[in-house]
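Got the viewer open? Let's take a walk through this model, one selection at a time.

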Amino acid sequence: MSKSVNAIGWAARDPSGVLSPFKFSRPAAAARDVHFKVLYCGICHSDLHTVRNEWGNTRYPVVPGHEIVGVVTAVGPSVTKFSPGDKVGAGCLVNSCRSCDQCAANLENYCPDLVLTYNSLLPGSAFVTYGGYSDVMAADEDFLVRWPDSLPMDKGAPLLCAGITTYSPLRYFELDQPGQKLGVVGLGGLGHVAVKLAKAFGLRVTVVSTSSGKRDEALGRLGADAFLVSGDAAGMAAAAGTLDGIIDTVSAQHALPPLLGLLKPHGKLILVGAPEKPLELAAFPLIMGRKTVAGSMIGGIRETQEMIDFAAEHGIVADVEVIPIDYVNAAMERLARADVKYRFVIDVGNTLKAE
Ligand code: NAP
Ligand code: ZN
Ligand code: ZN
């Protein structure tokens, strides 16, 4: 095994967010490192927030991508879980401290020293992590998931972020009991997967969207039970007090009181969307009805594997538009306009070639 791997990817260099080809090397000397060829990588809205520095923390050049599936090409001498030829998935995290309470509880996603798949500093070094818009990856075996043979790699890739980010709060906040009523706000990458997972749990799902044009698909192919347009005050009022919980996936500023109004007493509004600006939270819609507003961030590796296996068992995949790497800037523009049904996935394996 070499000490580093030469890679090519696409990087953004400044807050314009425009991506272009970028050569770099990945440190990959660790005995537990698994090297793999990237085949597909989803485009998450977090990639868009990051390339445009909307959260103010981007380290340029940044190679985004944390919905990555590929095939193992080589393994370090201490690797026990994977062999060359295995299919693997990598999500949003590639390392953590392994000694804190969160790591001990398989919640590495809440480790204070979490290493994200891109735009994170590698511990004890000045190296920045680079994500899956690249031809090869190397990661510690403990941070990879086994990819079930029955799960398509292109349509399945988005589960590695969109899937776990919605699965984990449904489980943790006990919004996974058959017959419960769940709202899913924002029918994008996360939202459409949330609908599918919730239906597999046996929930009744109401989609709350700004786009009336998504109604037929939500109620038809995606299997939602009801559809509300958030700007339709009469429709929202008629649905007041009906939901046990809400998963809010909206990527931009939006009003919370109308969503709190949809909850039953004791209902839970779970934020997973990450708008760049603070959201306003009034006291009265919360205290009247003892409602909860909470947040949730991705999930640990054990739970990610559980979710992937659950998706494979239930035939859950994302609805994807597979694109070549040189379409990535156009895809980002369309994602910013919510013009994708419902996840772009880059065909890295066939379209990202060394010059
Ligand atoms: P996405 O595909 O762009 O979906 C977001 C959806 O939000 C859009 O499709 C749209 O749905 C709705 N929306 C957009 N702008 C809006 C506005 N101004 N007002 C109201 N609704 C609006 O994005 P995504 O990949 O699903 O990601 C969603 C958010 O979750 C992003 O902020 C991302 O960074 C964050 N995220 C968080 C985690 C976590 O761990 N917590 C993980 C992944 C992503 P409609 O057309 O239906 O209204
Ligand atoms: Zn993501
Ligand atoms: Zn830790």
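Start by clicking on Asp 140, which is buried, with a relative accessible area of 9%. Keep in mind as you go that this is a predicted model. Now add Arg 32 to the selection: the two side chains meet in a salt bridge, 3.4 Å from N to O. Arg 32 sits in the loop between β2 (19–27) and β3 (33–42) while Asp 140 is in strand β8, so the pair ties together parts that are 108 residues apart in sequence. Unlike its buried partner, Arg 32 counts as partly exposed, at 32% relative accessibility.

Widen the selection to Lys 81, Arg 98 and Asp 142. Together with Arg 32 and Asp 140, these residues are linked in a network of salt bridges. As a reminder, side chains of opposite charge can pair when their charged atoms come close. The model has 20 salt bridges by the rule used here.

**Two further pairs**

Select Asp 225 and Lys 199 next. They form a salt bridge, with the closest N and O atoms 2.8 Å apart. Asp 225 is in the loop between α6 (215–219) and β12 (226–229) and Lys 199 is in helix α5, so this pair ties together parts that are 26 residues apart in sequence. Asp 225 counts as partly exposed at 32% relative accessibility, and Lys 199 is partly exposed too, at 29%.

Then jump to Lys 264 and Asp 244, whose side chains meet in a salt bridge of 3.1 Å, N to O. Here both partners are in strands, Lys 264 in β14 (residues 263–271) and Asp 244 in β13 (residues 243–248), so the pair ties together parts that are 20 residues apart in sequence. Lys 264 is partly exposed, with a relative accessible area of 29%.

**The ligand**

Now select ligand 1 and show what lies around it. How many residues surround ligand 1? There are 29, and the closest are Ser 209, Thr 210, Ser 211, Lys 214 and Arg 343. Sort the shell by type and you get 13 nonpolar, 14 polar and two charged residues.

Zoom in on some contacts with ligand oxygen atoms:

- Ser 209 has a polar side-chain atom 2.6 Å from an oxygen atom of ligand 1.
- Lys 214 has a polar side-chain atom 2.7 Å from an oxygen atom of ligand 1.
- Gly 189 places a backbone N or O atom 2.8 Å from an oxygen atom of ligand 1.

Switch on the surface, and the cover becomes clear: on its own ligand 1 has 920 Å² of accessible area, and the protein covers 88% of that. Color the helices and look for α1 (45–51) and α5 (189–201), each of which supplies at least two residues of the shell. The largest share, three residues, comes from α1.

**Past α1**

Follow the chain out of α1 into the loop that runs between α1 and β4 (68–75). There are several stops along this loop.

Asn 53 is found here, and its phi is near 55°, a positive value in a residue other than glycine. Asn 53 is partly exposed, with a relative accessible area of 26%. Further along the loop is Thr 58, which counts as buried at 13% relative accessibility. Measure from a polar atom of its side chain to the backbone oxygen of Thr 50, and you should get 2.6 Å.

Go on to Pro 61: the peptide bond from Tyr 60 to Pro 61 is cis, with omega near -5°. Finish the loop at Gly 65, which is buried at 0% relative accessibility. Gly 65 and Leu 48 are 17 residues apart in sequence and 9.9 Å apart in space, C-alpha to C-alpha.

**Another loop with odd angles**

Move to the loop between α11 (328–336) and β17 (343–346), where you will find Tyr 342. A cis peptide bond joins Lys 341 and Tyr 342, with omega about -15°. Ala 338 is in this loop as well, with a positive phi near 55° and a relative accessible area of 45%, partly exposed.

**Last stop: the surface**

Select Leu 107, Tyr 110 and Met 297. They form a nonpolar patch on the surface, with about 240 Å² of accessible area together. Met 297 is in the loop between β15 (292–295) and α10 (301–314), and is partly exposed at 37% relative accessible area.

Definitions and conventions: Residues numbered from 1 in each chain as written. Chains lettered and ligands numbered in written order. Predicted model: local features only at pLDDT ≥ 70, side-chain atom pairs only at ≥ 80, totals over all residues. Heavy atoms only, no water. Patch = residues over 30% accessible without salt bridge, like charges linked within 9 Å, V, L, I, M, F, W, Y side chains within 5 Å. Areas by Shrake-Rupley, 256 points an atom, 1.4 Å probe, with all protein chains shown as cover. Salt bridge = Lys/Arg side-chain N within 4 Å of Asp/Glu carboxyl O. Helix = DSSP H or I, 4+ residues; strand = E, 2+ residues; numbered from the N terminus. Buried < 20%, exposed > 50% of the residue type's maximum accessible area, 1.4 Å probe, protein only. Near = heavy atom within 4 Å. Polar contact = N/O pair within 3.5 Å; in protein donor to acceptor, adjacent residues only side chain to side chain. Nonpolar A, V, L, I, M, F, W, Y, C, P; charged D, E, K, R; others polar.
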